[in-house]
Amino acid sequence: MAPIALDTPVIDAHPVNKLPKGITPYSQTPETTADVDWAELVNLDLSKFDLPGGKEALAQQLKYAVHNVGFFYVSDFGISQEEVDYQFHLSQEFFSLPLEEKLKYAANHKAASYNGYNGPHVYEADKTEHHPRHNIEVYNIPKFTPDFPAKETHPQLIQTNWDTIESFAKRVHTNVVERLMKIFAIVLELEDEDYFAKKHDYEKKGEDHMRYMLYHSRSDEVNKEAKELYSTGHTDLGSITLLFRQPVAGLQILSKDGKYKWVKAVPGTITVNIADTLSLLSGHYFKSSIHRVSVPPPDQRHFDRHGILFFIRPNNDVLVEVVKNSPLLKREGVYETLEEREDPLDVATWVHERQKHIFASGYKIVTPGEGQDGDERSNLEAVIAGVKVKYWN
Ligand SMILES: O=C(O)CCC(=O)C(=O)O
Ligand SMILES: [Fe+2]
């Protein structure tokens, strides 16, 4: 057993409310006191979902945000803060492993795979330019299904805590992803409330992943050189992204007036954003929001910034095609604006091609271009598998 795992206790599967005593608790950083422009986002209380009329009320509440904003919060999703903090603890432990140990689990970028460890040295080994502004480390864990490499292929720390991570990831799927998928179908007034949920069947093969993510604090000099950004403006490629957050501010959303607003990490919530594939399935009615990560405000920029993220995608065999027979999309005239694709595109191909493009243009994407905040990076526009993709400052 690797030394790091010795002080990381094994905990039971389904550990609701019985996490082990004596673990180093994950300590939250203090909130920023900086006067930043926060975005106002709706919060869906998911405990209302099963009440009579509950999911319909939630759909009503979400209607404006899915079309106009693309970001919202969910709360009361049946996973305790203690469990979330334990995931932050594991993330912290993982990134403190020696670099040689982490590199043993490096993602296979050549196969356009993003599962496993990603960090500056992985890109360097990949012969992509390495630069001190690159301060992000990531460990991506795919779905806990037989389609993906078994527990034994992960570092000892992850193996030791496998059941807990699996239980956490699966409950995020059942309690949050499945409910949101039903709410999206209700928003579109679909006859089949399970239309999107069926396309996100946990047991079927799909490229969803859970991510431990760490942004290392950087020097003022490097921050300046990177135009005060940790990542540039982009949309995510999947269906939705779920972000369990700590209070180190950084995430920003491009609002309609062309200015970025900060997205607060509200205690007890998950921040959710809609991504490209769900937008495509809705004929662009659902907004894939443009967002980026800024260097934190002055009182927080010396902290490392951790996140636990879930990148949700439809199953690999799902076709990237617009949902038919939505009364809402009909009323809104969405069907009239659509251009028919000649060849069908499945999610597996779309995700693979898009991921390949991201690896191939890596440093161009993360390096701010000329122009104002929120300007389109026209030199980075691409058509991937017949779909237009863009990046922003
Ligand atoms: O770290 C964050 O707050 C957002 C990360 C993000 O946008 C991404 O990884 O796609
Ligand atoms: Fe993102």
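## Ligand 1 and its surroundings

An oxygen atom of ligand 1 lies 3.3 Å from an N or O atom in the Arg211 side chain. The model is a predicted one. Two further side chains approach ligand 1 through polar atoms: Asp236 and His291. The table sets out the three distances.

| Side chain | Atom of ligand 1 | Distance |
|---|---|---|
| Arg211 | oxygen | 3.3 Å |
| Asp236 | oxygen | 3.1 Å |
| His291 | oxygen | 3.1 Å |

Taken alone, ligand 1 exposes 300 Å². The protein buries 91% of that area. Where does ligand 1 sit? The space it takes is the largest cavity.

Next, the shell. Ligand 1 is surrounded by Arg211, Met213, Tyr215, His234, Asp236, Leu243, Leu251, His291, Val293, Arg305, Leu309 and Phe311. By character, these shell residues divide into seven nonpolar, two polar and three charged. Which strands each supply at least two residues of this shell? They are β5 (209-215), β11 (291-294) and β12 (305-312).

The model also holds aromatic pairs. Their count comes to 14. One of them joins Phe94 and Tyr117. Their ring centres are 6.1 Å apart, and the planes stand at 55 degrees. That makes the pair tilted. The pair links distant parts of the chain. Phe94 belongs to helix α3 (residues 81-95), whereas Tyr117 belongs to strand β3 (residues 116-118). The two residues are 23 residues apart.

Terms used
Residues are numbered from 1 along each chain as its sequence is written. Chains are lettered from A and ligands numbered from 1 in the order in which they are written. This is a predicted model: local features need pLDDT of at least 70, side-chain atom pairs count only at pLDDT 80 or more; totals for chains, interfaces and linings use all residues. Side-chain values use heavy atoms; hydrogens and water are left out. A residue is near a molecule or strand if one of its heavy atoms lies within 4 Å of it. A polar contact is a pair of N or O atoms within 3.5 Å; within protein, one must be able to donate a hydrogen and the other to accept it, and residues adjacent in sequence count only if both atoms are side-chain atoms. Accessible areas come from the Shrake-Rupley method with a 1.4 Å probe; for residues, only the protein chains shown count as cover. On a 1 Å grid over the protein atoms alone, a cavity is a set of points where a 1.4 Å probe fits but cannot get out, and a pocket is an open set with protein on both sides within 12 Å along at least five of seven lines; lining residues have an atom within 4 Å of a point. A molecule sits in a cavity or pocket if more than half of its atoms lie within 2 Å of its grid points. Helices (H or I, at least four residues) and strands (E, at least two) are DSSP runs, numbered from the N terminus. Ala, Val, Leu, Ile, Met, Phe, Trp, Tyr, Cys and Pro count as nonpolar, Asp, Glu, Lys and Arg as charged, and the others, Gly among them, as polar. Rings of Phe, Tyr and Trp (its six-membered ring) pair if their centres lie within 6.5 Å; planes under 30 degrees apart count as stacked, over 60 as edge-to-face and the rest as tilted.
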